[in-house]
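Here are some questions about why particular labels apply in the structure below. Each answer sets a value against its cut-off.

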Amino acid sequence: MPNLNLNLNLSLSSIFYLIPLYFLVINPLLRQILPQDSEYTSSNVSWRNDDLYGDADEEEDTSLNLNPDVLSLDDGVPFICDSDDNYRVHILSQAPLVIYIEGFLSDTEADYLVNISVPNYAPSTLYSSSSDAHLNKTDSTKRLSDRALLPRTDIVRCIESRAKAFQGWKPHLYIERMWAQRYNVSGHYIHHYDWAGTARGRGGDRLSTFMVYLAADCVGGGTNFPRLRMPRDTKWCELLECDAGKKGEGVTFKPIKGNAVFWENVGSDGRGWPQTWHAAFPVERGEKVGLNIWSWYQPPKGRWR
């Protein structure tokens, strides 16, 4: 019996000394060997699960008025989609998320959008976050193209719905009114961000972008991301410029009718991804028509912090 008590006391003493040893020595070593990405730990992520999937008790009020002239809001108008979503996706990057989509639009849809855009073209302007409208000016040295606001027909609404579904029907995400962009010879747009860096201050920002090619009867005109890494697999050369003399730095997507590039502009903390710095390279011959689908994320007050 004395031996049993002695062994028990020794075991308890060992456990007592092992506890500080674990926290002071073993745990720090494990953190060095198996580091955690602090950006995505549960304590630091400000875009929470209930932001993605909804919370029955959350306040739906927002810090900005939702402008129907800018956003394609749900207005209760019924629409019918004739075609099923039938596209193929290829993930180029996971942080930030960049996906190439083959067949995002059918030829019929692409031709339709080109046709309805024709009467509405005007010179493209440079975006300004200022409230002064006159600062949204044209500058052909930076951006040379025409743009056209698309009416919300049934087909346009179906594409809006497709863009939402592709992103998992996130709450507080709104598709902006769609713009067609026409680039003739020398048409281009210098490197820029689609996000404005205003998520914390204004309550929202452009969460993601679809760059869709409606017409691509051209030479040149690729979409360049100089801060993305070129993938190794040569299968990507069907979709990317792999000629060292043409591709520029980083990654350049070929304009292919009906295909699209999707990328997330903003991370979980409300800050923009610097890797999404991109440009429309000049069209050398022919004409390119693109479609911008921007997703505006505007959560209830206080979600970005």
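Charged pairs

Q: What makes the pair Glu-109 and Arg-162 a salt bridge?
A: Their side chains meet with N to O at 2.8 Å. A salt bridge requires a side-chain nitrogen of Lys or Arg within 4 Å of a carboxyl oxygen of Asp or Glu, so the pair qualifies. The model is predicted: local features need pLDDT of at least 70 and side-chain atom pairs pLDDT 80 or more, while totals for chains, interfaces and linings use all residues. Residues are numbered from 1 along each chain as its sequence is written, and side-chain values use heavy atoms, with hydrogens and water left out.

Q: Which parts of the chain does the pair Glu-109 and Arg-162 link?
A: Glu-109 is in helix α3 and Arg-162 in helix α4, 53 residues apart. Helices (H or I, at least four residues) and strands (E, at least two) are DSSP runs, numbered from the N terminus. Both Glu-109 and Arg-162 are buried, meaning under 20% relative accessible area, whereas exposed means over 50% and partly exposed lies in between (1.4 Å probe, protein chains only).

Q: Why can Glu-176 and Arg-206 be said to tie together parts of the sequence?
A: The side chains of Glu-176 and Arg-206 form a salt bridge, N to O 2.8 Å. Glu-176 lies in the loop between β6 and β7 (179-183) and Arg-206 in strand β9, so the bridge ties parts that are 30 residues apart in sequence. Glu-176 and Arg-206 are both buried.

Q: How do you know whether Arg-271 is buried or exposed?
A: Arg-271 has a relative accessible area of 54%, so it counts as exposed. Its salt-bridge partner is Asp-269, with the closest N and O atoms 2.5 Å apart. Asp-269 has 10% relative accessibility and therefore counts as buried. Elsewhere, salt bridges that share partners join Asp-75, Arg-152, Arg-157 and Glu-160 into one network. The whole structure has 10 salt bridges.

Q: How do you know that Lys-288 has no salt bridge?
A: The nearest side chain of opposite charge, Glu-241, is 10 Å away, so the 4 Å limit is not met. Lys and Arg count as positive, Asp and Glu as negative, and His and the chain ends are not counted. Lys-288 is nevertheless buried, in strand β14 (residues 283-297). A polar atom of the Lys-288 side chain lies 2.8 Å from the backbone oxygen of Gly-221. Residues in contact with Lys-288 (heavy atoms within 4.5 Å) include Arg-182, Tyr-183, Tyr-213 and Pro-255.

Core

Q: What makes the largest nonpolar core a core, and which residues have the most contacts inside it?
A: A nonpolar core is a set of buried Ala, Val, Leu, Ile, Met, Phe, Trp, Tyr and Cys residues joined through side-chain atoms within 4.5 Å. The largest has 30 residues, and those with the most contacts inside it are Phe-104, Leu-113, Phe-210, Val-212, Leu-214, Leu-291 and Ile-293. Elements that give two or more residues to this core include α3 (107-117), β9 (205-220) and β14. Another core, of 14 residues, lies apart from it, with Met-211, Trp-236, Phe-253 and Val-261 among its members.

Q: Why does Ala-110 count as buried?
A: Ala-110 has 0% relative accessibility, so it is buried. Ala-110 is in helix α3. Beyond its neighbours within four places in sequence, Ala-110 contacts Leu-105, Leu-214 and Lys-257. The C-alpha atoms of Ala-110 and Tyr-213, 103 residues apart along the chain, are separated by 7.9 Å.

Backbone

Q: What makes the bond between Ala-95 and Pro-96 a cis peptide bond?
A: Its omega is about 0°. Most peptide bonds are trans. Pro-96 is in the loop between β1 (88-94) and β2.

Q: What is the phi of Trp-169, which is not a glycine?
A: Phi is positive, about 55°. Most residues other than glycine have a negative phi. His-172 also has a positive phi, near 65°. Trp-169 is in the loop between α4 and β6, and so is His-172. Trp-169, at 52% relative accessibility, counts as exposed, whereas His-172, at 8%, counts as buried.

How values were computed
Polar contact = N/O pair within 3.5 Å; in protein donor to acceptor, adjacent residues only side chain to side chain.
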